[in-house]
Amino acid sequence: MESARSIIETDAVIIGAGPVGLFQAFELGLLGIQAHVLDALEQPGGQCLELYPDKPIYDIPGIPSCTGRELVARLLEQIRPFQTPFHLGETVVSVAQQPDGQFLVATRRGTQFLSRTLFVAAGVGAFEPRKVPLEELTPYTGSQLFYQVPAEKGSCFANQHLVVVGGDDEALDCVFRFTQEGPEQAASVTLIHRRTDISTTTPAHLDRLHGLCAKQQVRFIAGQITGLVEDAHGLQALIVSRVADGVDEHLPTDALLVRLGRSPKLGPIADWGIALERKQIAVNTEHFESSTAGLFAIGDINTYPGKKKLILCGFHEATLAAFAAMRYIQPGQAPCPLLYTTSSPELHKRLGITSTD
């Protein structure tokens, strides 16, 4: 039996690595508190990277326009001086407040944290990939079934019969990537979409797909996966029911890449004993603390009178939550003074700024 992992003890844990969670790490860092950041996704960014990575955002103060991807990159650069520990691909499954008020946080992978404070910045919940509704596929997850391209081995589909399921820009980008001549090129690429027309992608992507199909470099099938062909070595083929004629086709498959987007799930938050209103965490507007002492909720996951689901509002919430959390992190001490990054040598030191005066 594998030995139990040691518990990571810390002053603050942030659940959610979207823009508001990243800014929460910055505000705590300014106060001298290093937070551990957890996210179910494999990369920081939350909704910005999952829903609108390349779409412009116009209402971030001082930035006339930036994409979701650019905003996340700037926030990561902003917290770089604090060397914030990230725990990505870690879905929180339980939160239990201990008799001394600390929080024991456990993830699906078995990582545990004991933290004085907890900040929930989970947006509208954890984003989970939409799956092909076929239970027989589940055992192949991570070996022949993938919901994203494995980051550590980009050529994992080289010389394989690759099937991509989906119809949006991300799905087609994968088709183009593994069709292109080079070290990542698959032996064959087949795109499966539930309808004969693909209306969820851009005209440019659609034109490129039609061109590849015309050259027989990509095969497009409108249909649904209804079964598998397996042997002792694993998945050998998919059974696809074609929309056009209803015929079942056996499609040779070495790897299946499902890109059907992601859907937010509230998940185990509902079981943490926190007061909820319409699947959101109820907080006060003084410091955005929940009904559980020491547990703060910021961003789209919280609710209060007059709540506006805007990134800039989440930044404000994170600032007040950070100051309020200090009474749990440093109990018995005087309230943390308000210092200004323009003039405070202490803040400059934390930010790694060398004075030029």
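**Exercise 1. A strand and its two hairpins**

Task: In this predicted model, find which residue of S14 is the bridge partner of Gly223, and then work out how S14 is joined to S13 and to S15.

Solution: Begin with the single pair, where Gly223 has Arg242 in S14 as its bridge partner. Next, widen the view to the whole strands: S13 covers residues 219-231 and S14 covers residues 234-242, and the two run antiparallel, joined by eight bridges. The link between them is a hairpin with two residues between S13 and S14. Now turn to the other neighbour, S15, which pairs with S14 in the antiparallel sense over five bridges; within this pairing, Ser241 has Asp248 in S15 as its bridge partner. S14 and S15 also form a hairpin, this time with five residues between them, and Gly246 in the turn has a positive phi of about 75 degrees.

**Exercise 2. The sheet as a whole**

Task: State in what order the seven strands of the open sheet are arranged, and explain why one side of S10 and of S15 is left without a neighbour in the sheet.

Solution: The order is S10-S16-S11-S12-S13-S14-S15, and the pairing in this open sheet is mixed. Strand S10 (145-146) and strand S15 (248-252) stand at the edges, and because each has a single partner strand, one side of each has no neighbour in the sheet. Helix H4, residues 169-179, packs on the sheet and touches S11, S12 and strand S16 (255-258), while its direction makes about 170 degrees with that of S12.

For a parallel pair, look at S11 (residues 161-165) and S12 (residues 188-193), which are paired over five bridges. Here Leu162 stands opposite Val189 in S12, and Val163 has Thr190 in S12 as its bridge partner. Finally, consider the surroundings of S12: five of its six residues are buried, so this strand is largely enclosed by the rest of the structure.

**Exercise 3. Two helices in contact**

Task: Describe how the axes of helix H1 and helix H6 cross, and list which residues meet.

Solution: The geometry of two packed helices is described by the angle between their axes and the distance between the axes. For H1 (residues 19-30) and H6 (residues 311-329), the axes come within 9 Å and cross at roughly 30 degrees, and the crossing is right-handed. On the H1 side, the residues in contact are Pro19, Val20, Phe23, Gln24, Glu27 and Leu28, and they meet Ile311, Gly314, Phe315, Ala318, Thr319, Ala321 and Ala322 in H6. Sorted by class, this contact has nine nonpolar, three polar and one charged residues.

**Exercise 4. The largest nonpolar core**

Task: Find which residues touch the most other members of the largest nonpolar core, and which element gives the most to this core.

Solution: The core has 40 residues, and those touching the most other members are Ile14, Phe26, Leu28, Leu71 and Phe119. Several elements give two or more residues, including strand S1 (8-15), H1, helix H3 (68-79) and H6. H6 gives the most, with nine residues. To see one member in detail, take Leu71, which touches Pro19, Cys48, Ile57, Ile60, Cys66 and Ile311, when residues up to four places away in sequence are not counted.

**Exercise 5. Buried or exposed?**

Task: Decide whether Ser115, Asn159 and Phe288 are buried or exposed.

Solution: The cut-offs needed are under 20% relative accessible area for buried and over 50% for exposed. Ser115, found in strand S8 (residues 112-120), has 0% relative accessibility and therefore counts as buried. Leaving out residues up to four places away in sequence, Ser115 touches Thr10, Asp11, Ala12, Val13, Gln102 and Phe103.

The other two residues raise a question of backbone angle, since most residues other than glycine have a negative phi. Asn159, in the loop between S10 and S11, has a positive phi of about 65 degrees although it is not a glycine, and with a relative accessible area of 65% Asn159 is exposed. Phe288, in the loop between strand S19 (280-282) and strand S20 (295-297), also has a positive phi, near 60 degrees, but with a relative accessible area of 2% Phe288 is buried.

Notes
Residues are numbered from 1 along each chain as its sequence is written. This is a predicted model: local features need pLDDT of at least 70, side-chain atom pairs count only at pLDDT 80 or more; totals for chains, interfaces and linings use all residues. Side-chain values use heavy atoms; hydrogens and water are left out. Axes are lines fitted to C-alpha atoms, for helices over the stretch in contact, and angles run from 0 to 180 degrees between N-to-C directions. Helices (H or I, at least four residues) and strands (E, at least two) are DSSP runs, numbered from the N terminus. A crossing is left-handed if the near helix is turned anticlockwise from the far one by less than a right angle, and right-handed if clockwise. Contact means heavy atoms within 4.5 Å. Ala, Val, Leu, Ile, Met, Phe, Trp, Tyr, Cys and Pro count as nonpolar, Asp, Glu, Lys and Arg as charged, and the others, Gly among them, as polar. A nonpolar core is a set of buried Ala, Val, Leu, Ile, Met, Phe, Trp, Tyr and Cys residues joined through side-chain atoms within 4.5 Å. Buried means under 20% relative accessible area, exposed over 50%, partly exposed in between (1.4 Å probe, protein chains only). Two strands pair if DSSP finds at least two bridges between them.
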